[in-house]
Amino acid sequence: MKLTNRSLPYDHIALLLQGGGALGSYQAGVFEGLAEAGIWPNWVAGISIGALNSALIAGNAPEQRVDRLREFWNTICQPAFVAPSTDWMQAAAEAGGGALRTAFNAMEAARAVVGGQHGFFVPRLTPPWWPQRPFHELSWYDVAPLKATLERLVDFDRINSGEMRVTVSAVNVRNGNFERFDNSRGPWKGRLRAEHFMASGALPPGFPAVEIDGECYWDGGLVSNTPLTEVLADTPRRDTLAFQVDLWSATGPLPANLYDIEERQKDIRFSSRTRAITDLLSREQKLRALLRGVLAKVPPEAREGCEWCEEAALEACDRKLNIVQLIYRDKEWDGLSKDYEFGPLTMREHWASGLDDVRRTLAHADWLNPPTPKAAVVTHDVHRDNGAGRSSRRRR
């Protein structure tokens, strides 16, 4: 891929990656599309599988990032022990579609549950209820293979250099607090390693808690499955173009059976509710802009020494926010196991969907423009209104 660099009028170009297990290859396709268009984020933030993709992006040189993502996904989408599905089986399932494809996906998901995934996780030899097992081994699977895979494919010195800002989040098991692991700020500055990214994806009881500096951490998705709010609430407030990549859709049809009910509740539980968050941020930004306008009317001599004015000045701003939403849409054969169905065929389809969605999005060249002075926040989603590709502007 020939590298280009598209200049965009923003301080931050952020790539925000939600959790979603096997669906995460959709995010890799989105990143390939951004790289293809010469759009290089300077801040990547992720939760769970989004954190692993963040490590692969930030931990490699720009010209290597897509290849490293592909190597990672090609690795973890192979069974840990048994032979993978043959090419002709995958081709037959793809051509057959419908019930045949659904059955094939169910088989791939069952193999992941029983045997694990190469370079990612393997079943424990003894069950997690075995007496006197340490807390960090209380899980169905051992993720030691993932640590080896990350350390092989990711340059953590590059991440800790701060060349690209990286933020991944996890939950402290002891106190329940949401912990941000950031390579550029706070106590973790310059100290990120494989364990921090693994902690963000340590979803119990499948995966064990990850111990870091004496504390144990679980998957950040237990508290929030998107870093959107954290990134946009960061200070000092900067003009930001955010690509919000979601793997679960908050909207969907009424379930037809109990399996559909389980799938639907999972969608709702893990969806980022991106639009609700952007509505809230829009109102907040409107109030900040209003506060800035009111302060401008206050004579300088009246503002001097006024504690209220000083506090208001800290909150007031007129920054520009452009949020581009890319939300994975279920295929007809997706089901309850879609987040742990790691078959190569499905992985390639997820990747292709992400690439196609971002290409369709970037075909709207004006969607990358900052909001007008009369708009506080602008959002775009190529799937909105049944694929009509409508954008939404939040007025001041």
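**View 1. Asp 339 and its salt bridge to Lys 266.** In this predicted model, Asp 339 comes out as buried, at 17% relative accessibility. Its side chain meets that of Lys 266 in a salt bridge, at 3.1 Å from N to O. The two partners come from distant parts of the chain, 73 residues apart: Lys 266 belongs to helix H10 (residues 258–270), while Asp 339 sits in the loop between strand S10 (321–327) and helix H14 (344–362). Lys 266 is buried too, with a relative accessible area of 11%. Both ends of this bridge count as buried because 17% for Asp 339 and 11% for Lys 266 fall under the 20% limit.

**View 2. Arg 180 and Glu 230, part of a salt-bridge network.** Here the closest N and O atoms of Arg 180 and Glu 230 are 3.6 Å apart, which makes a salt bridge. This is another link between distant parts of the chain, with Arg 180 in strand S6 (residues 178–182), Glu 230 in helix H9 (residues 228–232), and 50 residues from one to the other. The two ends differ in cover: Arg 180 is partly exposed at 29% relative accessibility, whereas Glu 230 is buried at 16%. Zoom out a bit and the pair turns up in a network of salt bridges that also takes in Arg 165, Asp 182, Arg 185 and Asp 234.

**View 3. A salt bridge within helix H3.** Out of 29 salt bridges in the structure, this view picks the one from Arg 68 to Glu 71, where the closest N and O atoms are 3.7 Å apart. Both residues are in helix H3 (residues 65–76), and being 3 residues apart there puts about one helical turn between them. Arg 68 is partly exposed, at 24% relative accessibility, and so is Glu 71, at 30%.

**View 4. The largest nonpolar core, seen around Phe 197.** This core has 70 residues, and Phe 197 is among those with the most contacts inside it, along with Leu 15, Trp 73, Ile 159, Phe 181 and Phe 243. Helix H2 (residues 49–58) is the top contributor, giving 7 residues. Setting aside neighbours within four places in sequence, Phe 197 touches Ala 51, Leu 52, Ala 55, Phe 156, Ile 159, Val 166, Val 168 and Leu 192. Elsewhere there is a second, separate core of 14 residues, including Leu 16, Ala 45, Leu 228 and Leu 281.

**View 5. Strand S8 and its two antiparallel partners.** Strand S8 (residues 215–219) pairs with strand S5 (residues 165–172) over 3 bridges, in the antiparallel sense. On that side, Val 171 stands opposite Trp 218 of S8. Strand S7 (residues 210–212) also pairs with S8 in the antiparallel sense, again over 3 bridges, and here Val 210 stands opposite Tyr 217. S7 and S8 make a hairpin with 2 residues between the strands. One of the loop residues is Asp 213, whose phi is positive, near 50 degrees, although it is not a glycine. Asp 213 is partly exposed, at 48% relative accessibility.

**View 6. Backbone oddities: two cis prolines and Ser 48.** Most residues other than glycine have a negative phi, and most peptide bonds are trans. The bond from Pro 204 to Pro 205 is cis, with omega near 0 degrees, and Pro 205 lies in the loop between helix H8 (194–200) and S7. Another cis bond runs from Thr 235 to Pro 236, with omega near -5 degrees; Pro 236 is in the loop between H9 and strand S9 (240–246). Ser 48 has a positive phi of about 60 degrees without being a glycine. Its place is the loop between strand S2 (43–46) and H2, where Ser 48 is buried at 10% relative accessible area.

**View 7. Helix H5 and a nonpolar surface patch.** Val 113, Val 114 and Tyr 340 form a nonpolar patch on the surface, together showing about 270 Å² of accessible area. Val 113 belongs to helix H5 (residues 98–115) and is partly exposed, with a relative accessible area of 41%. Ala 99 lies in helix H5 as well, and counts as exposed at 69% relative accessibility. From Ala 99 to Glu 36 is 35 Å, C-alpha to C-alpha, with their positions 63 residues apart in sequence.

How values were computed: Residues numbered from 1 in each chain as written. Predicted model: local features only at pLDDT ≥ 70, side-chain atom pairs only at ≥ 80, totals over all residues. Heavy atoms only, no water. Core = buried A, V, L, I, M, F, W, Y, C linked by side-chain atoms within 4.5 Å. Buried < 20%, exposed > 50% of the residue type's maximum accessible area, 1.4 Å probe, protein only. Helix = DSSP H or I, 4+ residues; strand = E, 2+ residues; numbered from the N terminus. Contact = heavy atoms within 4.5 Å. Patch = residues over 30% accessible without salt bridge, like charges linked within 9 Å, V, L, I, M, F, W, Y side chains within 5 Å. Areas by Shrake-Rupley, 256 points an atom, 1.4 Å probe, with all protein chains shown as cover. Salt bridge = Lys/Arg side-chain N within 4 Å of Asp/Glu carboxyl O. Pairing = 2+ DSSP bridges.
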